[in-house]
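Here are some short exercises to try with the sequence and the 3D view open. Work through each task yourself before you read the solution.

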Amino acid sequence: MNQPSFFSHCLEFLREEDGPTAVEYAVMLALIVAVCVGTVSTLAEATQASFNASKDAIANAGGN
């Protein structure tokens with residue numbers, strides 16, 4: 001019985017394309033998540049500024 005060596009397993013792994021494809025998808029997912037987090041953060045700041053401006057306008061209209 002001839003068992004494959006560790007070296008032959010490594011070569012077989014390097015020839016397969018499943019590993020690099022998974023890494024590419026992981027990088028793409030990380031970039032998408034980063035863009036989403038940045039967008040939500042920007043929108044949250046803009047919304048907070050809008051609410052603060054509305055609050056100040058209402059307070060000034062009431063004479064306070």
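**Exercise 1.** Find the accessible surface of the protein and the share that belongs to carbon and sulfur atoms.

*Solution.* Keep in mind that this is a predicted model. The computed accessible surface is about 5,900 Å². Carbon and sulfur atoms account for 67% of this surface. Now turn to burial: of the 64 residues in the protein, 0% are buried.

**Exercise 2.** Work out how many helices and strands the protein has, and where leucine 11 fits in.

*Solution.* Start with the count: there are two helices and zero strands. Next, locate leucine 11, which lies in helix α1, spanning residues 6-15. Its relative accessible area is 34%, so leucine 11 is partly exposed, between the 20% and 50% cut-offs. Finally, look at its partners: Leu11 joins Phe7, Phe13 and Leu14 in a nonpolar surface patch. Together these residues have about 470 Å² of accessible area.

**Exercise 3.** Search the whole structure for salt bridges and name the residues involved.

*Solution.* First, recall that side chains of opposite charge can pair when their charged atoms come close. The search turns up one salt bridge. Its partners are lysine 55 and aspartate 56, with 3.9 Å from N to O. That distance counts because the cut-off is within 4 Å. As a last step, check aspartate 56: at 42% relative accessible area, this residue is partly exposed.

How values were computed
Residues numbered from 1 in each chain as written. Predicted model: local features only at pLDDT ≥ 70, side-chain atom pairs only at ≥ 80, totals over all residues. Heavy atoms only, no water. Salt bridge = Lys/Arg side-chain N within 4 Å of Asp/Glu carboxyl O. Buried < 20%, exposed > 50% of the residue type's maximum accessible area, 1.4 Å probe, protein only. Patch = residues over 30% accessible without salt bridge, like charges linked within 9 Å, V, L, I, M, F, W, Y side chains within 5 Å. Areas by Shrake-Rupley, 256 points an atom, 1.4 Å probe, with all protein chains shown as cover. Helix = DSSP H or I, 4+ residues; strand = E, 2+ residues; numbered from the N terminus.
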